[in-house]
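Reader: I'd like a close look at the loops in this one, especially any spots where the backbone or the surface charge does something worth a second glance. Could you walk me through it, starting from the overall picture?

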Amino acid sequence: VPTITDPSDSNSTVSGLLQGVNQFSWTVYSENGGCTPAVTVHTITRDLLPDAAAAGADQDFCETDNATLAGNAATDGGTGTWTLESGLAGITSANDPTSAVTGLGYGANVFRWTIESQLGICADTWDEVTITRNPDPLDLSGNVTITQNPVCYNTSAEFTITGTEADVSYYLYTGGAPVAGPVPGTGGAIVLNSPNMTADATYVIRAVKNVTGCAIFFGNYPVTVNPQFSLAQLAEDASICSGADYDFRINLTGGTSDYDITYRATPAASAPYDVILNNYISGTNENTGALTETTVYTILSAADNLGCPADNLGTPITITVGATYDDATITAGNDVCFGNDIELRLQSSGGAPPYTYEITGTGAPAGTFDVYTTDTTITISGLTAGTYNYNLITAEDACGDVADAILGNPANVE
């Protein structure tokens with residue numbers, strides 16, 4: 001209840017004013033009380049001042065188009081009201097300090113929280129909060145090309161992204177972890193390269209806004225690794241007669257058939273020349289043509305049908321023309337029990353196959369016979385118990401050259 005300090009003082013102070021209208025009567029009496037008193041009513045309206053408006057901390061979101069405001073509640077009967085000062089949004093409950101807002105526009109959206117006193121007498125207070133909606137990077141999954149897929153073993157997969165954003169950095173991920181980047185966008189095309197691959201993998205791309213950190217993953221890009229093309233090897237050294245030809249081979253390990261091969265033939269005296277083989281199948285015979293001088297063959301390049309190069313081009317081979325027939329050797333096998341076969345080993349050093357041999361001894365082949373390798377074993381059957389001697393009496397190569405020496409005679413076996 002309001003209290004009048006001095007009721008007889010026309011200028012008395014009062015205390016304890018209530019919120020709202022407080023009315024005081026000032027009555028003046030005549031000296032002798034015979035006149036009607038003069039009465040006037042003085043009204044004092046008291047309006048309480050609410051706590052100052054506080055709109056809460058600024059908020060930032062990536063792509064989210066709704067938020068919750070965080071103003072303070074109006075005190076002392078005051079009323080708070082939200083208004084949108086700039087930007088774009090809908091306020092669900094304008095007088096709710098924690099109203100939802102929806103349909104936020106991109107960029108800064110400014111909201112003002114104004115608190116008015118109950119009777120509107122006190123000065124309003126207000127505060128503003130900015131809620132920023134930041135855009136995510138663009139989903140460029142349709143703008144990604146892989147230069148080669150499958151990739152060659154132990155090489156990188158190359159991803160080209162077109163239409164990149166200049167304020168975005170791009171990363172390559174696989175297995176939930178980054179393996180390349182960041183590569184800054186340019187507004188045009190950029191390239192991300194994976195580490196060298198030895199096994200199949202699936203990649204995704206992460207795009208991150210440089211300033212706001214807003215990020216997305218996009219795409220799903222499986223990459224296959226071509227089988228390792230480990231070796232291209234010529235086979236094999238040989239000796240031939242002058243004017244003869246020879247079929248060598250190229251053995252290819254790994255990769256995917258067919259293959260493209262370039263090899264070089266280097267004759268002993270003539271100029272070297274290169275040969276290109278397209279769609280070659282591993283192990284196919286390649287004919288030298290007639291040779292009149294010793295020639296060295298070297299692989300210069302080898303690629304499989306995906307263009308993947310061989311890791312190793314192997315060692316050269318030498319086709320020797322007119323090699324000296326150094327010697328031929330006959331060697332008896334181990335002694336055997338009655339009823340078992342005996343073996344004779346024939347070896348030639350130098351010369352050019354096939355070799356023509358003649359052997360004397362019980363059960364030996366009659367006359368001359370040809371052998372197409374430098375090392376061969378022949379079997380003799382049907383011998384009774386005893387000691388047998390075998391002699392190599394003729395050894396001649398394909399060029400008609402006789403071995404300079406015949407070794408091992410006689411070859412004895414029991």
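Author: Sure, starting with the whole chain. The protein has 34 strands and zero helices. Its radius of gyration is 52 Å, well over the 22 Å that the globule rule gives for 414 residues, so the protein is more spread out than a compact globule. You can get a feel for that from the box that its C-alpha atoms fill, roughly 180 × 55 × 25 Å along the principal axes. Of the 414 residues, 33% are buried. Keep in mind that this is a predicted model.

Now for the loops, going along the chain. Begin with Glu63, which sits in the loop between β5 (59-62) and β6 (66-68). Its phi is positive, near 70°, and this is a residue other than glycine. Glu63 counts as partly exposed because its relative accessibility is 25%, and partly exposed covers the range between the 20% cut-off for buried and the 50% cut-off for exposed.

On the other side of β6, in the loop that leads to β7 (79-86), you'll find Asp76. Here's another non-glycine residue with a positive phi, near 55°. Asp76 has a relative accessibility of 39%, so it counts as partly exposed too.

Next come the peptide bonds. The one from Asn149 to Pro150 is cis, and its omega is near 10°. To find Pro150, go to the loop between β12 (144-146) and β13 (158-161).

There's also a cis bond where the second residue is an aspartate: Ser257 and Asp258 are joined that way, with omega about 0°. Asp258 belongs to the loop between β21 (247-254) and β22 (259-267).

That leaves the surface charge. Asp326, Glu396, Asp401 and Asp404 come together on the surface as a patch of negative charge. If you want one member to zoom in on, try Asp401, which is in the loop between β32 (388-396) and β33 (405-407). Its relative accessibility is 34%, which is why Asp401 counts as partly exposed. That value also clears the bar for patch members, because they need over 30% relative accessible area.

So if you're picking places to click on, go for the positive phi values at Glu63 and Asp76, the cis bonds leading into Pro150 and Asp258, and the negative patch that includes Asp401.

Notes
Residues are numbered from 1 along each chain as its sequence is written. This is a predicted model: local features need pLDDT of at least 70, side-chain atom pairs count only at pLDDT 80 or more; totals for chains, interfaces and linings use all residues. Side-chain values use heavy atoms; hydrogens and water are left out. Patches are made of residues with over 30% relative accessible area and no salt bridge: like charges are joined within 9 Å, nonpolar side chains (Val, Leu, Ile, Met, Phe, Trp, Tyr) within 5 Å. Accessible areas come from the Shrake-Rupley method with a 1.4 Å probe; for residues, only the protein chains shown count as cover. A salt bridge is a side-chain nitrogen of Lys or Arg within 4 Å of a carboxyl oxygen of Asp or Glu. Lys and Arg count as positive and Asp and Glu as negative; His and the chain ends are not counted. The place of a charge is taken as NZ of Lys, CZ of Arg, CG of Asp or CD of Glu. Helices (H or I, at least four residues) and strands (E, at least two) are DSSP runs, numbered from the N terminus. Buried means under 20% relative accessible area, exposed over 50%, partly exposed in between (1.4 Å probe, protein chains only). The radius of gyration is taken over C-alpha atoms; the globule rule is 2.2 Å times the number of residues to the power 0.38.
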